[in-house]
Amino acid sequence: MDFKKVCSLIMKITLPLLLGGAILYWMYRDFDFQQLEHVMLNEMDWTWMLLSLPFGALAEILRGLRWRQILESADEHPRRMTIVNSIFLSYAASLVVPRVGEFLRCGVLKRYDSVSFTKALGTVVSERAVDILVMLLVTSTTLLLQFGVFNTFFEKTGTNLDAILGKFSSTGYIVTAICAIAICILFHFLLRRLSIYNKVKTTLSGIWQGVKSIGKLRNVPLFVLLSFGIWASYFVHYYLTFFCFDFTSELGVTCGLVTFVVGSIAVLVPTPNGAGPWHFAVKTMLILYGIADDKALYFVLIVHTIQTLLIMLLGIVSMASLAMTKKTLK
């Protein structure tokens, strides 16, 4: 590996960590971590947290099953266990290098089930396009639902738009701008990566076959059901954590949807599992719903940490499972 590639790899690892770390440091620089321990041991209902965890795993399992359906339409037939393990491992790997999981899971299928890497990559593009459509639908629905909620909120509190914007400090605006710039940089690197692949005709052909495969689905209703099931599982995984704390348990599904959508957009910023941007976005929305600043910080730190630990655990389990998996040859 030459010096340029080493530098590029180091930047891909360190820059996301620095960005996420800087945002977290700014948010928690005056935070009382001893009080956090008290909240976790004495004020938190762990039953709801434990109930939420299976839905996080379920979302990834459904994603694997949906991906397998797309691959089958591209005449690739990976085993269910292999494809689910590849999903688990991809999310765990993305904690180290954001977005690397998309390529890693294609490599896992290539290694263990002899699936064409380029076809698999093309189906990932299709899969992400579907995710964007589902998220746009969820976001639009949430915004429509929120018109009435915000009107009620304004009437009861006398709050106006200026007051809401006033909750942002100058540093808050800077963090938002940095996150937006980071998203632009992410898209830039993705375009560069695609341009590298486009230089090779056979690779481009394979990717295009994977993309086209979505139009050859054999069971469209199942595909739609799995697509919504993935995001429903993500939402339940997140929303059940509201009931872990007295100060969020009464906020309701609408608040859960709003903070879920905002958090899902925030994780587009290339940091490990959205660390930093997710905390900032969800915490800000909780404050708008009347949650005290310190309690909002407790919520986002505890929830994000435990959900990240779940991703790590699933990644370890997938590595152990793959180590015992026999490779298939075409």
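**Exercise 1.** Which residues of helix 10 are buried?

*Solution.* This is a predicted model. Buried means under 20% relative accessible area. Apply that cut-off along helix 10. The buried residues are F223, L226, S227, G229, I230, W231, S233, Y234, F235, H237, Y238 and Y239.

**Exercise 2.** Check the length of helix 10 against its expected span.

*Solution.* Start with the limits: helix 10 covers residues 220–239. That gives 20 residues, and at 1.5 Å a residue they should span 28 Å. The expected span uses one less than the number of residues. Now take the end C-alpha atoms: they are 28 Å apart, so the two values agree. Next, look at the N-terminal end. N219 caps it, with a side-chain oxygen 3.1 Å from the backbone nitrogen of L222.

**Exercise 3.** Is S233 buried or exposed, and which residues does S233 touch beyond four places in sequence?

*Solution.* Locate S233 first: it sits in helix 10. Its relative accessible area is 5%, so S233 is buried. Then list the contacts. Outside its sequence neighbours up to four places away, S233 touches F55, L58, A59 and L62. Finally, compare sequence and space for E60. S233 and E60 are 173 residues apart in sequence, yet their C-alpha atoms are 8.9 Å apart.

**Exercise 4.** Find the contacts of R66, leaving aside neighbours within four places in sequence.

*Solution.* R66 belongs to helix 3, residues 46–73. Its relative accessible area is 0%, so R66 is buried. R66 is in contact with E127, V130 and D131, and also with F223, L226, S227 and I230. Return to helix 10: F223, L226, S227 and I230 are among its buried residues.

Terms used. Residues numbered from 1 in each chain as written. Predicted model: local features only at pLDDT ≥ 70, side-chain atom pairs only at ≥ 80, totals over all residues. Heavy atoms only, no water. Helix = DSSP H or I, 4+ residues; strand = E, 2+ residues; numbered from the N terminus. Buried < 20%, exposed > 50% of the residue type's maximum accessible area, 1.4 Å probe, protein only. Contact = heavy atoms within 4.5 Å. Polar contact = N/O pair within 3.5 Å; in protein donor to acceptor, adjacent residues only side chain to side chain.
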